[in-house]
Amino acid sequence: MSQMFDVCKIRNDFPILRTKINDKLLVYLDNAATTQKPKKVLKSIKKYYETTNANIHRGVYKMSEEATRLYEEAHAVVGKFINAAAEEIVFTRNATESLNLLAYSLCSSLNAGDEILLTQMEHHSNIVPWQQLAKQRGLKVNYAEINADGTLNIESFKSLLNNKTRIVSVTHVSNFLGTINPVDELSKLAHSVNAIFIVDASQSVPHMPVDVKKINCDFAAFSGHKMCGPTGIGVLYGKKELLEKLPPFLFGGDMIKEVTFEDSKWNELPWKFEAGTPHIAGGIALAEAVKYLKKIGVENIQKHERELTMYALQRLGEIPNITIYGPSAEKRSGITSFNVGQIHPHDVAAFVDRFGVAIRGGHHCAMPLAKLLCVTGTARASFYFYNTKEEIDVLVDALKKAQEFFSMSENSNNLTNNLKTYPNTKNEFSERLKNPSQKTKNEENKNKIKIQGVIEE
Amino acid sequence: MSFDELYREQIMDHYKNPRNHGVLENFSFKFFDNNPLCGDEIEIRALVEGNVLKDVRFTGKGCSISQAAASMLTEIVKGKTLAEVQQLNRDNVIELLGIPVGPVRVKCAVLSLVALKNGIAEFHNGVNKNG
């Protein structure tokens, strides 16, 4: 099955990793945003356009038939990767589009007063579609709270579930905190009130084994470009019986079986949800990416990323005044958000770029969560299987230099004084997370330390 | 854009030792603006005499570009007429910073100018006069 895991050999598959940035070798640590592409995937795109480019499903000539076969087969390959059938896999542009499809199509049958349950750690793509549909249709959106250690508060989740809850949509892994949510358990809870259970798997499918049948989710969404595939191709998984009942989201060519001036009949699954000429090359290349990940072994990927994360948490902890957000290593994926003293995350990210290090600075498309944490943003390092401990060393050295560079001298404390006039972020954060009915004072303090710096524990 | 261009000494000097920084107690108008995407915040207070910006101060928080730009801007607008300030544009700010500013950070750079110009506009409209 999977070969021995050799990161040096793997890196040779990614031409971009040899790029020099500011005369330094690229250290790409923004994999939660998008991942790099192996040669095999790039070649498949080129090969498709050079040898097989034709529109699918309607041509009766050989090249169209071949394009159709490859594109349909891609659904099967991606489906098998998450233990789903080909007809349960809809190709979209990305996870965002998959979630919009669900929001529009599912909410069309909901009534005013019906409820949707999300969590406080969702990406904007799993908030905004529901929030906007809720406004249109008079629905109520609830958000399960997070604990001070960045994990989901299951009691809060349970307390918000009721017989009005129609949809529960939860991220498998937080793109901000790295928290891995217990989706198996949440699935059971959601189904206990007969709600539809949706998993935003954007940060999980690329990094760990995901079995949609085991989770027993009704739908799942993820993006191809976060798993070595090209941009512009994403996935919606849905249980067959639910996809059959679900009305289409986009109308047009290829999604129909028969059209008259008066009415239309829908095509079979999954084409009913793929209106217009799809991203054929993208779908085929995504299947190549999946084959590539399978060859490396998703378990190996998970193991390697876990080692990197443990190492990163340990090394980052060496930096004075660093605040690391999110749960302890065993409850998180390869995503680490942090702030270095008072330095703005954009300054941190721009500074380490000098050393070739690409990390993200900002709110990571989770502004409500950032607000809850009382930060305008964080710097975020996120790993993939081609990253190394040496790259983490480069990051840590660069962060130490950033701290020196941005440090305020004794004589120039105007700005630091001024910063004190703004709410002390840490105090305000703990204030907001106060929930005396559920936590004792001691527990609160213990948790507070955790989220501020897992290393300090 | 190289790092050294981005953080040339002058910018870091203004960031660490901002000029005209603080709260003006006696002011003709004030204006708060922020850039929620970056979390940059600026409040500008200005004292107008006749048609001239007699004094201007700012407070705020944010990245080095936003804060340094605010500091530099306050230096050049003092003593200018309101009409002259309204003529300033983003190119003037980028010129002040002396560096090429990328598409993401241009909003940080112009935040203080936008706040100041909006403040002047409100002042002209009689909004927010003397606090």
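The following exercises, with worked solutions, concern a predicted model of chain A.

**Exercise 1. Determine how chain A is divided into domains, and describe the side of domain 1 that touches domain 2.**

Solution. Begin with the overall content: chain A holds 17 helices and 17 strands. Of its 457 residues, 49% count as buried. Among contacts between residues at least 6 apart in sequence, 71% join residues at least 24 apart.

Next, take the division itself. Domain 1 of chain A comprises 7-30 + 297-456, and domain 2 comprises 43-294. To their contact, domain 1 of chain A gives 28 residues and domain 2 of chain A gives 24 residues. On the domain 1 side, α11 (298-316), β14 (335-340), α13 (367-372) and α17 (441-452) of chain A each supply at least two residues. By residue class, this side of domain 1 of chain A consists of twelve nonpolar, nine polar and seven charged residues.

**Exercise 2. Establish the span of helix α10 of chain A and how far the helix is enclosed.**

Solution. Helix α10 of chain A covers residues 280-296, which makes 17 residues. The distance from its first C-alpha to its last is 25 Å, close to the 24 Å expected at 1.5 Å a residue. For the enclosure, count the buried residues: 14 of the 17 residues of α10(A) are buried, so the helix is largely enclosed by the rest of the structure. The residue that follows α10(A) is A:Gly297, with a positive phi near 100°.

**Exercise 3. Is A:Leu152 buried or exposed, and which residues does A:Leu152 touch?**

Solution. First locate the residue: A:Leu152 sits in the loop between β6 (140-144) and α6 (154-160) of chain A. The cut-off for a buried residue is 20 or more other C-beta atoms within 10 Å. A:Leu152 has 25 such atoms within 10 Å and is therefore buried.

Leaving aside residues up to four places away in sequence, A:Leu152 touches A:Thr119, A:Ala144, A:Ile146, A:Phe157, A:Thr179 and A:Asn181. One of these, A:Asn181, is 29 residues from A:Leu152 in sequence, yet their C-alpha atoms are 6.8 Å apart in space.

Two other members of the list, A:Thr119 and A:Ala144, are bridge partners, the latter in β6(A). Strand β5 (residues 115-119) of chain A runs parallel to β6(A), and five bridges join the two. Between these strands the chain passes through helix α5 (residues 128-137) of chain A, and the resulting β-α-β crossover is right-handed.

**Exercise 4. Compare the surroundings of A:Asn194 and A:His364, and locate the cis peptide bond at A:Pro270.**

Solution. Consider backbone angles first. A:Asn194 is not a glycine, but its phi is positive, about 60°. A:His364, also not a glycine, has a positive phi of about 55°.

Then place each residue. A:Asn194 belongs to the loop between α7 (183-192) and β8 (196-200) of chain A. A:His364 lies in the loop between β16 (360-362) and α13 of chain A.

The neighbour counts complete the comparison. Because A:Asn194 has 9 C-beta neighbours inside 10 Å, this residue counts as exposed. A:His364, by contrast, has 24 other C-beta atoms within 10 Å and is therefore buried.

Finally, the cis peptide bond joins A:Leu269 and A:Pro270, with omega about -5°. A:Pro270 is found in the loop between β12 (264-266) and α10 of chain A.

Note on methods. Residues numbered from 1 in each chain as written. Chains lettered and ligands numbered in written order. Predicted model: local features only at pLDDT ≥ 70, side-chain atom pairs only at ≥ 80, totals over all residues. Helix = DSSP H or I, 4+ residues; strand = E, 2+ residues; numbered from the N terminus. Expected span 1.5 Å × (residues − 1). Buried ≥ 20, exposed ≤ 12 C-beta atoms within 10 Å, placed from the backbone. Domains from an automatic or database assignment. Contact = placed C-beta atoms within 7 Å. Nonpolar A, V, L, I, M, F, W, Y, C, P; charged D, E, K, R; others polar. Pairing = 2+ DSSP bridges. Right-handed = clockwise from strand over helix to strand, strands pointing away.
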